[in-house]
Amino acid sequence: MYARLGALALGVLLAVLLLALAEGALRALGVAEGTPRHDPFSGFGTSVPMFERVDASTYRISPARLTGRYTEVSPEDGREFASERAPGSFRAFVIGESSAAGVPYPPRYAFSAWLRRLLEAALPERKIEVVNAALSGYASRRLLPVAREIAGYSPDLLIVYMGHNEWAERQYYAHLIDMDPRLFRLWQWAVDTRLYRVLAPLLRLRDGPVGAQTLHKDAHENSLEMFSVLHDRAGGASYPTERDLSYRDLLYERNLDEMADVVQAAGAKVLFLTLSQNFSDWAPGASSHREDLADADLRRWDELVARGREAQQRGDCRAAADAFTQALALDAEHAGLHFELAACQRALGERDAARAHYRLASDLDRVPHGAPTSFNDVIRRVAERHDAHVVDVDALLEAESGDALVGDDLFLDWLHPNLRAHERIAEAVASELRQDGIPVDGARWRDPPARLPDPDALHTADPSLRLRELELQLFACRLAMRNPCERAAAESLLQLDPTHVEARATLARW
């Protein structure tokens, strides 16, 4: 028995020794060096840095961090920065999700790029770097390591605009989030070896070491697949529980706190942006009644809602609003009815009441689409604790929208800003920096401020922008199971591009 155990131990030792020798030889020969082209841990591990050195003078976002159609990087996108800071330069990083990244536009149209343009005009004697470090599909859990990495690049400022993905990430990436930390470290160690990088293409180990093919769901090829949870929830499945939502809120606040800690410890300032989204033109994805609603009250609720909808069809919004209000007195947890009531109040000119109900509709959405409005309270609390700066994007876009109450006039779907919104956010951030003397006293800024191009002129100069907008709308409407919206987007796409494959396939289904 002991002889067998000894032979087994010797065999294991020899195998480990051979692997170590092979790994050493590959490293000595420079085989498979550099940053991996694919991240099997989707940003939850440290296998792939956010930025990699591409030459002696430049860091650029790692290609493995970019997914879908947005994998090409050009200098004007603001996805790179100098490896050595120039004396007197100003370096800011923007972190967030697809909204901050600029989706569906190239990053050169995101608010980070417009901010760089404004700062360059206002402070021509300084080298300005505004680096777009936002990533589609990421939430605060994965952006916290990004903030830690950024702290090592001598930042002057971190700008944070995020919160729309906190609900989706856990469901799609539970296989990574809930993995035993010891097993996670083991897989990550294996993936980080040169031996793995050589063997993976040969053995088709795209998703991790042998036996770990469920490690990663290939978000590299379809970064938006994580939002498939929307489809399930809109169909009545997988609604988040109160516990789920409480944990989401707790994690979000904790991660914001830690981001501020790590960046301020590096000597940088932090600027938080409050969140906005499409409140008035994007209905909730799913609604439900309160659990303790009695059968009799439910029947009465149905009667009142039917009465209100009949009044709507007659054009009598006052009667409809009265009926909807009575129904909400029986059950105030139905997101869709808040949205219907808000639409009536909007038509009646009751702007404040409509605003309140549109936001309740968003917060009660069982899907949900976007971030809860309470996240803005979290952002302000964190900013106050850290003496950080805040730009109230929520109030800014509401004022910009006027009676539209923040809808399709500023957002392309439920959360992605259009060109006009990106420009207004950039202008508001520049104004805040000047007021707060970042990077120099506002009196030293050049007047008047630079004027950003009219969005219509941008569309005229680059017709592909409208194509990208419609493609995003097509995807978003399909995801939310909004057939008329999806069809309208497909028809508009075909007007721009009669050969558009996805649009033709969409219309072929009807």
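**S89 and its surroundings**

I started at S89, which touches R126, K127 and D156, leaving aside residues up to four places away in sequence. A note to self: this is a predicted model.

Next I looked up where S89 belongs, and found this residue in the loop between β3 (80-82) and β4. Buried or exposed? I got a relative accessible area of 6% for S89, and the cut-off for buried is under 20%, so S89 counts as buried. I also checked the side chain for polar partners: that of S89 reaches the backbone oxygen of A86 at 2.8 Å.

**The sheet**

From the loop I moved on to β4, residues 90-96, which pairs with β5 in the parallel sense over five bridges. I picked A92 and looked for its bridge partner in β5, which turned out to be V130.

Then I traced the whole sheet. What is the strand order? I read β5-β4-β6-β7-β8, an open sheet of five strands with parallel pairing. The edges go to β5 (128-132) and β8 (389-391); each has a single partner strand, so one side of each has no neighbour in the sheet. I also looked at the twist: neighbouring strands here are turned by 20° against each other on average, direction ignored.

**Helices across the sheet**

Which strands does α4 lie across? I have helix α4 (residues 140-150) across β4 and β6 (157-161), and its run is at about 170° to β4.

Last entry: helix α10, residues 242-265, lies across β4, β6 and β7 (269-273). I noted its angle to β7 as about 150°.

Definitions and conventions. Residues numbered from 1 in each chain as written. Predicted model: local features only at pLDDT ≥ 70, side-chain atom pairs only at ≥ 80, totals over all residues. Heavy atoms only, no water. Pairing = 2+ DSSP bridges. Helix = DSSP H or I, 4+ residues; strand = E, 2+ residues; numbered from the N terminus. Axes fitted to C-alpha atoms, helices over the stretch in contact; angles between N-to-C directions. Contact = heavy atoms within 4.5 Å. Buried < 20%, exposed > 50% of the residue type's maximum accessible area, 1.4 Å probe, protein only. Polar contact = N/O pair within 3.5 Å; in protein donor to acceptor, adjacent residues only side chain to side chain.
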